[in-house]
Amino acid sequence: MPAARASLASVFALVLSMAAPPTTGQSVTDPPACDGPVTQLDEIVVTARRADMPIWEVSDGDSTVILAGAISGVPKDYAWRSDALEAATRRSDRILYPQQGRLSVGDILRLIWRIRTVAGLPADRTTADYLPPDIQARVDTVMADARNESWRRRSLLSLGLDLMEKSGYEQRGYGAADVVRRAAREARIPGDPVGTVRGDDIIDNLITAPPETHAPCIEQAVGAAEVGPAGASARLDDWRARRVPDVLTSPLDRALNVCWPSGDADIAHLLRRQWSDAIRAALEQPGVTLAVVQLRVLAEPAGVLDQLQAEDREIIGPDWRAD
């Protein structure tokens with residue numbers, strides 16, 4: 001498949017996936033010991049912590065929220081203890097899933113109609129017209145093995161996808177949200193996405209943004225591509241070992257944070273606000289809520305964990321900020 005078609009296929013996969021149904025400077029308390037009899041809540045929490053991923057517990061009276069810090073790009077054959085997360089899912093009272101995008105047929109048709117905007121730069125322009133010379137030089141080096149020079153005239157969004165592919169990022173993975181969704185469906189555990197993002201907003205954001213909007217993505221993505229698959233593998237291992245600051249500062253995770261759609265300020269603000277509101281609401285409901293949240297949304301500065309800590313809530317789990 002030519003590179004341009006492959007990149008556009010990635011764009012379609014990214015957008016169309018949003019139409020699918022929901023499928024150490026701080027005080028952190030050590031996990032409680034499990035000697036002797038434990039309550040049902042203790043069993044759920046202990047089971048969840050056996051999963052190879054960052055897990056936090058926040059309680060308010062008879063309400064407990066288990067925060068599972070998920071990352072994208074987990075290959076299906078990557079070894080981590082997903083069975084422990086499945087078991088915790090089956091014992092939970094309810095599930096909070098990531099946001100659900102809503103795309104209508106009209107939204108998809110508009111994307112197809114405007115695909116040239118996504119696919120290429122304005123006539124007589126190349127990537128060098130939008131990137132700083134030093135960044136363009138690094139991109140030239142990374143893309144030296146490309147079959148031809150057509151990538152210079154494709155959109156920066158498309159180029160960013162190419163660079164992410166060279167970084168070893170797995171676009172079609174099977175991460176924590178997929179594990180929880182399957183287990184909850186089998187056990188008939190109720191769950192809902194914490195919010196929705198309108199399809200027309202997503203499409204308009206994608207096809208109307210000027211090319212230079214994606215320049216910060218290229219600057220970060222070329223760094224991830226320079227490190228290559230070894231960097232993607234290290235990020236996965238840091239996640240499995242609960243080294244949260246190392247995950248967030250990895251070149252690949254920094255790139256994912258600034259590239260579309262996460263890098264769009266309006267979309268990012270909406271997603272973070274929806275999560276904060278949903279977790280506070282869950283802490284007002286009795287029982288155990290399992291929330292599958294993107295790790296960066298939880299652990300970034302001023303993220304959900306920082307907000308909960310500012311409210312003097314006890315947070316049990318791994319450190320999420322670097323010293």
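Which residues of α7 are buried? They are Leu156, Leu157, Ser158, Leu159, Gly160, Leu161, Asp162, Leu163 and Met164. The model is a predicted one. Its protein chain has 323 residues, of which 48% are buried, and its secondary structure comes to 16 helices and eight strands.

**Surface and cores**

- The protein chain exposes about 15300 Å², and carbon and sulfur atoms supply 51% of that area.
- The largest nonpolar core holds 54 residues. Met53, Trp56, Leu67, Trp80, Leu85 and Trp275 have the most contacts inside this core.
- A second core, separate from the largest one, has 23 residues. Leu121, Tyr130, Val142 and Ala215 are among them.

**Helix α7**

- Helix α7 spans residues 156-166, and nine of its eleven residues are buried, so the helix is largely enclosed by the rest of the structure.
- The buried set includes Ser158 and Asp162 as well as Leu156 and Met164.
- Glycine 168, just after α7, has a positive phi of about 90°.

**The six-stranded sheet**

- Six strands form an open sheet with mixed pairing, in the order β5-β3-β7-β2-β1-β8.
- The edges of this sheet are β5 (191-193) and β8 (315-316), each of which pairs on one side only.
- At the β8 edge, strand β1 (residues 55-60) runs antiparallel to β8 and is joined to it by two bridges. Within this pairing, glutamate 57 stands opposite isoleucine 316 of β8.
- Strand β3 (residues 94-97) sends Arg94 and Leu96 one way and Ile95 and Tyr97 the other way; all are buried. In a regular strand, side chains alternate between the two faces of the sheet.
- On one side, β3 is joined to strand β7 (residues 287-294) by three bridges, and the two run parallel. The bridge partner of isoleucine 95 in β7 is leucine 290.
- β3 also pairs with β5 over three bridges, again in the parallel sense. Here tyrosine 97 has proline 193 of β5 as its bridge partner.

**Arginine 49**

- Arginine 49 lies in helix α2 (residues 40-49).
- The relative accessible area of arginine 49 is 16%, and the residue is therefore classed as buried, the cut-off being under 20%.
- The side chain of arginine 49 makes a polar contact with the side chain of glutamate 57, at 3.1 Å. Glutamate 57 is also the residue that stands opposite isoleucine 316 in β8.
- Arginine 49 and glycine 317 are 268 residues apart along the chain, yet their C-alpha atoms are separated by 8.8 Å.

**Positive phi outside glycine**

- Most residues other than glycine have a negative phi. Arginine 188 has a positive value, near 60°, and aspartate 312 has a positive value near 65°.
- Arginine 188 sits in the loop between α8 (176-187) and β5. With a relative accessible area of 76%, arginine 188 is exposed, because the class begins at values over 50%.
- Aspartate 312 sits in the loop between α16 (304-310) and β8. Aspartate 312 is exposed too, with a relative accessible area of 73%.
- The strands that follow these loops, β5 and β8, are the edge strands of the open sheet.

Definitions and conventions: Residues numbered from 1 in each chain as written. Predicted model: local features only at pLDDT ≥ 70, side-chain atom pairs only at ≥ 80, totals over all residues. Heavy atoms only, no water. Core = buried A, V, L, I, M, F, W, Y, C linked by side-chain atoms within 4.5 Å. Buried < 20%, exposed > 50% of the residue type's maximum accessible area, 1.4 Å probe, protein only. Helix = DSSP H or I, 4+ residues; strand = E, 2+ residues; numbered from the N terminus. Polar contact = N/O pair within 3.5 Å; in protein donor to acceptor, adjacent residues only side chain to side chain. Areas by Shrake-Rupley, 256 points an atom, 1.4 Å probe, with all protein chains shown as cover. Pairing = 2+ DSSP bridges.
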